[in-house]
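Please walk me through this protein model. I would like to know how its inner spaces are lined and how its parts are held against each other.

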Amino acid sequence: MTIKTATLNGVLTLEIARPEKKNAITVDMYAALAAGLRAAAAEPAVRAVLITGQPGIFTSGNDLEDFMQRPRQGLDSPVFQFMQALVACDKPVVAAVTGPAIGIGTTMLLHCDLVYVADDARLAMPFVSLGLVPEFASSLVVPRLMGRVRAAEKLLLGDPFTAEQAVEFGLANAVLPAAEVAPHARRVAERFNALPPAAVRESKKLLRRADEAEVMKAIAVEAEVFGRQLNSPEAKEAFSAFFQKRRPDFSSFS
Ligand code: COA
């Protein structure tokens, strides 16, 4: 099991723990994340969820081997179950990000309520360079957050950005020294123990009401194109290049 789940002081922690593969998320790990979020929603003693990675790595995103061998099939597949569970989670979700947060490592943050990033955090959504397209409603939410031209830098060119920029764009609350991010995020999550739970849940629902339907629609529309691109020669070249530790060559594609 590479997602560690534990509940302590009213906070259910989902720890991405596969450091030997830079916390790349497999199909089974998405299923575990989805199950954890649903368990948090169902358990009255849980007041908030905390998502963390490992020191120096939040996640390198979707497992690229899985992209090749076990491509996502349909909206009931584990990755979409995870997306749905995160968007629908009626309890506050706090994220603590250290090191690289790539692909879904960044897009999942768009759906967390409070995000704390380490000074060593590096965020990136390099979908296009992998022959893919934006996912997890990032094509909708990222331009809204940072504006269309900066969204093009991050989503078309795949330019990475820093923790400070994440705060500037409104994607994260604060930058902290790496060792302080997880304890700080936990203290924030534990603050929900002292707040009235129904008022928190109803307020979270109200905060998300205006765009929840649009977000779910964007996830579905993106999923269709993403699924097509996943089987494209462009993506095959990008994945092969990654595992062969060489630069991809897209010069023969039109
Ligand atoms: N899927 C599968 N395996 C991955 C992975 C991923 N997303 N990211 C890293 N790994 C594996 C590497 O293949 C390597 O495995 P090996 O030791 O068996 O060769 C191991 O994790 C360590 O990765 P490495 O690239 O050597 O570490 P690094 O510190 O030099 O770089 C990253 C770290 C995260 C910058 C780099 O691994 C990376 O760019 N990963 C891919 C990110 C990506 O494109 N994700 C998909 C987004 S949609």
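R72, F80, M83, P134, E135, F136, I219, E222, A223 and F226 line the second largest cavity. The model is a predicted one. The space enclosed here is about 30 Å³. Two elements give two or more residues each to this lining: α3 (78-88) and α9 (197-230). Helix α9 supplies the largest share, four residues. By class, the lining of this second largest cavity holds seven nonpolar residues and three charged ones, with no polar residue.

How many cavities of 30 Å³ or more does the structure hold? There are two. The largest has about 60 Å³ of space. Its lining is made by V46, R47, D90, K91, P92, F192, P197, V200 and R201. Five of these lining residues are nonpolar and four are charged, and none is polar. Such spaces come to light in a simple way: a probe the size of a water molecule, rolled over the atoms, shows where empty space is left.

Next, the charged side chains. Side chains of opposite charge can pair when their charged atoms come close. The structure holds 14 salt bridges. One of them joins the side chains of D28 and R70, with 4.0 Å from N to O. This pair links distant parts of the chain, as D28 and R70 are 42 residues apart. D28 sits in helix α1 (residues 27-42). R70 sits in the loop between α2 (64-69) and α3. Helix α3 has come up already, as one of the elements that line the second largest cavity.

Now turn to the strands. Strands of a sheet pair through backbone hydrogen bonds, either parallel or antiparallel. One open sheet here has three strands in the order β5-β7-β8, and its pairing is mixed. Strands β5 (100-102) and β8 (161-162) are the edges, each pairing on one side only. How do β7 and β8 run, parallel or antiparallel? They run antiparallel, and two bridges join β7 (residues 122-124) to β8. Within this pairing, L123 has F161 of β8 as its bridge partner.

Last comes the surface. M68, F242 and F243 make a nonpolar patch of about 290 Å² there. F242 belongs to helix α10, which covers residues 233-243.

To recap, the two cavities of 30 Å³ or more have linings without polar residues, both in the largest and in the second largest. The salt bridge of D28 and R70 links distant parts of the chain. On the surface, M68 joins F242 and F243 in a nonpolar patch.

Methods. Residues are numbered from 1 along each chain as its sequence is written. This is a predicted model: local features need pLDDT of at least 70, side-chain atom pairs count only at pLDDT 80 or more; totals for chains, interfaces and linings use all residues. Side-chain values use heavy atoms; hydrogens and water are left out. Patches are made of residues with over 30% relative accessible area and no salt bridge: like charges are joined within 9 Å, nonpolar side chains (Val, Leu, Ile, Met, Phe, Trp, Tyr) within 5 Å. Accessible areas come from the Shrake-Rupley method with a 1.4 Å probe; for residues, only the protein chains shown count as cover. On a 1 Å grid over the protein atoms alone, a cavity is a set of points where a 1.4 Å probe fits but cannot get out, and a pocket is an open set with protein on both sides within 12 Å along at least five of seven lines; lining residues have an atom within 4 Å of a point. Grid points are joined across faces, edges and corners, and a volume is the space filled by probe spheres set on the points. Ala, Val, Leu, Ile, Met, Phe, Trp, Tyr, Cys and Pro count as nonpolar, Asp, Glu, Lys and Arg as charged, and the others, Gly among them, as polar. Two strands pair if DSSP finds at least two bridges between them.
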